[in-house]
Structure formats: C-alpha cells, structure tokens
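User: Could you take a close look at one residue in the nonpolar core for me, and then show me what else is going on in this model? I'm new to this, so please explain the terms.

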Amino acid sequence: MAHIVIIGAGLGGLPTAYELRHILPRQHQLTVISESPNFTFIPSLPWVALGLTSLDSVQISLEHRLRQRGINWIQGRVDQLNPDTQQICCGEQTIVYDYLIIATGGELALDALPGLGPDGYTQSVCNPHHALMALKAWQKFLQAPGPIVVGALPKTSCLGPAYEFALLIDYVLRQQGLRKQVSITFVTPEPYAGHLGIGGMANSAEVVKKIMAERDVEVIENAQIKAIAANQIHLGNGRVLPFAYSMLLPPFRGPHFVRQVPGLGNQDGFIPVLPTYRHPEYPSIYAVGVVVQLKPPEETPIPLGVPKTGQMTEAMGMAVAHNIAIELGVISAQPVTPTLDAICFADFGNTGILFLANPVLPDVVTGKRRRAVALSGAWVSWAKSAFEKYFLAKMRFGTAVPWFERIGLKFLGLSLVKPIQVQSSGNISQEIS
Ligand SMILES: Cc1cc2nc3c(=O)[nH]c(=O)nc-3n(C[C@H](O)[C@H](O)[C@H](O)COP(=O)(O)OP(=O)(O)OC[C@H]3O[C@@H](n4cnc5c(N)ncnc54)[C@H](O)[C@@H]3O)c2cc1C
C-alpha cells in the first residue's frame, strides 16, 4: 500500500487527485493538503476583481467532497519538506509519503519591487484574496476615476491575464460611460505585444495589437518597471506613468518549502522534471502546474517566465497519475508525458481571443508548432463562461477528464498526453528543461 500526498488543490492538484482515485484501488491512500478550504477557478479572478462575477460562484468547498471520495483532506500550509526522509511538515503535523506531488502553483514574488501588490500601491488578480482587494480598490476608483496602468513585471509567467484585465476594464468603463475620462496604459516586459512569453503564436501579435489599438489602450513594449510610488510608475526609460488604479502581475517563484531544500528547485524554486514529470534526483517527487520548471523558448531582452496554462497543468496531472499507477503496478502501460497542447480563452467583455496551440512551446530545433491558431469574436466570451461552469461541475462531481472531453479534444486534433519514447537502456533520464 502506498501513501500519495498532493500539495495544492488548484487546477493541477485537484484533477490529479481525482484521476489517481479513479485509477488506484482503495488500498492506496491519497491525501490532499491545501492552504485554502476551497478550489478556486483562477482564470475567472479578473471577472471577480471587476465585480463581473462573485468569488463564491467560482469556488467549491473541498473537505466534504474529498472525504466522500475516499481522499484524505488536510487544510494547512506546507512549510517544510525533507525529501530524504519523505516527510512534510504542515503546521503541527508531520506527514510521511511514498509519493509526493507538488502542485502549489507559483508563489507571488511581491518583494520583487517595493510598492508592488495590494499591500503597496498596485493590485493583483492572482489569488482570491487579491481579487477581492482589487475589487475594493476598483469600487473606490469608480468614485474618482483617473489614469489606469495595467501590466506585468519582468519574469512574469502568465501575461494573458494582464491583457484580459486591461481590455475588461475598457469594456466595463465603456458600459458605465466613463471611458472618455480614463486613459489605459499597458506596460509589458515582452519584446512585442502578443509575444506572451512563448515567442508569439500564429498571428497573436497582430490580433493583440489590433484590439489594443481599437480599444484605445496605449501599449508600452519592452518595459522594465523600475519603481512604484503612490500613484506613479517609473519605467527604465525614464518615463513616469501616473495612475489612479493599477494592476500589475508580479513574477512567480516556487514555494518557500521548495526553495529551502538545496537541489530540489532551480534558483527561483521551480522544480525540474523528467518527461514523466518526476524529479530527476528524488524519484518519489513529482510536480504539476505552475511550479514546474520549463525553459523559455527564446531569450528576450527583458526576461519572461513561461506560461503554464490551465490545460497544460491538467495534462501534467493526468500524466503524473498514469505514471505513478505504472510504478505501483496497478496498470501495465507505457509511461506518458503531457503534450502541452492547449486551448486558452481570453475574454474582453464583448469579444475575446481563443488561442489553440499544439504544443504551446515551439519545437526546440525547428522553432515551430504543429498548429497555432488565434481567433477572435464575441463567441469567445460565451465559450470562456461556459468552460468555467463545465470545469467547476467536473470538480464538484469528482472527475478529472471525462471520456467525452477526451473525445472533444481529439476532434480538435489535441491530446493531453502521449507515450514517452523510452531509450534502449530503459531509462527516461533526460530533464525536459
Ligand atoms: C489571473 C489569472 C488568470 C488566468 N487565466 C487563465 C485562462 O484564462 N486560461 C488558462 O488556461 N490559464 C489561465 N491562468 C493560468 C491558470 O490559472 C494556471 O495554469 C493554473 O491555476 C495552474 O494550476 P496550479 O495547480 O499549478 O496552481 P493553482 O491553481 O494556483 O493551485 C495551487 C494550490 O496550491 C495551494 N498552495 C500553495 N502553496 C501551498 C502550500 N505551501 N501548502 C499548501 N497549499 C499550498 C494554493 O492554495 C492552491 O490551492 C490564469 C492565471 C492567473 C493568475
């Protein structure tokens, strides 16, 4: 009997737990540890921050649901990990594991710059607490509108939500008849708008630039934010941007308990993995989601992180569940690796962009993807809303990726995982990053 512990119950951890429970016989024990009592559908937080939806409607409570499905639940923050003794500390509790899956997402590096984040002068939409703080600041802003700055700091890994937030703000202000009083400036460390940390995708640069121009959003590319003061953002080129409201995505890093263990993560605490998503040095540790170390497809003048979108994260979880089941002898199959194909919806209120890529990261040798599409239209907003409801329903029901979703993805020419080509020695030893 094995004890498998999953740290984090977000878009990576929860589907992975459900998939493992589905595959593994009950003699194998599963424990999920998460700081929050709820699962949150993070992609909807920009809507929460602008009062377009409530936080409650994008969360589900976990304890009862997990226990009902034979999954142990611990609510708490993991603060220590000893990979040699295979022990985790979570408050007063010490938990021993046979396999550990780290799915904590990224820790927000709010100390990257003084004044960054809701305890300073800018807002964030990266976690539920921040989204609620951003909403409060937004409501205050509406009483006395002024210039808005939205953007991201160097090393930010998920730029899509910054674009989404800037354009949602535009939409909301137009609806309220306030847009003429407010300038919106978008500040991005990308070499060009639409690069997205992945060297662009299909016509993403063209589509993004066109929509920003149509909505009268000034875009400052290659921007390094040097200082943040009350109501002022200072750029590396000397320009000073006044603001009455600002949302800046911070850089992410791996969690503190990973950064504390030498050799477990890279310099930023992201976890290196083999194609199976197992740690190269600690065979009992796997990683899923934002916490995984992926190499940027290209160097940029200002460093950018690599986006790990929801579907990439879910695929990593499916691969890890399958590979652990093989190790436990529950299934006899070839190990798999996530394809990192993805569909991603960005909603701008009355329109949006759908990005479809297989895979998200271009081939290291050719620099190309098999397929990349960026489509825009009002239907994207509805599709994103429908997808949120579908995903929450899956998490309520306790299913990771049902058969009809797999068929739907196949119909679109996408898959979540693919078999790993095992070397003749039988080893899968080369890190993916
Ligand atoms: C604002 C925003 C919008 C986004 N929009 C989209 C989108 O439209 N489409 C898309 O595909 N992707 C989107 N993404 C990316 C998507 O949200 C991530 O891919 C996904 O959430 C990653 O899942 P994860 O499990 O790695 O992390 P998370 O979903 O963040 O889950 C991490 C979990 O770990 C818990 N945790 C963290 N540290 C500890 C600890 N020490 N101890 C215990 N528990 C801990 C957290 O409480 C949380 O429950 C967006 C991201 C952001 C920030």
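Analyst: Let's start with Ile102. Leaving aside residues up to four places away in sequence, Ile102 touches Ile7, Val258, Ile271, Ile285, Ala287 and Val291; touching means that the C-beta atoms, placed from the backbone, lie within 7 Å. A quick word on the source: this is a predicted model, where local features need pLDDT of at least 70, side-chain atom pairs count only at pLDDT 80 or more, and totals for chains, interfaces and linings use all residues. Residues are numbered from 1 along each chain as its sequence is written.

Ile102 belongs to the largest nonpolar core, which has 129 residues; Ile101, Ile102, Val150 and Ala166 touch the most other members. Such a core is a set of buried Ala, Val, Leu, Ile, Met, Phe, Trp, Tyr and Cys residues joined through C-beta atoms within 7 Å. Buried means 20 or more other C-beta atoms within 10 Å of a residue's own, with C-beta atoms placed from the backbone. In soluble globular proteins, nonpolar side chains tend to be buried together.

Now for the sheet. Three strands (DSSP E runs of at least two residues, numbered from the N terminus) form an open, antiparallel sheet in the order β6-β7-β8. Its edge strands, β6 (78-82) and β8 (93-96), each pair on one side only; pairing takes at least two DSSP bridges between two strands. β6 and β7 (residues 87-90) share 4 bridges in the antiparallel sense, and Asn82 stands opposite Gln87 in β7.

Definitions and conventions
A residue is buried if 20 or more other C-beta atoms lie within 10 Å of its own, exposed if 12 or fewer, and partly exposed in between; C-beta atoms are placed from the backbone. Two residues are in contact if their C-beta atoms, placed from the backbone, lie within 7 Å.
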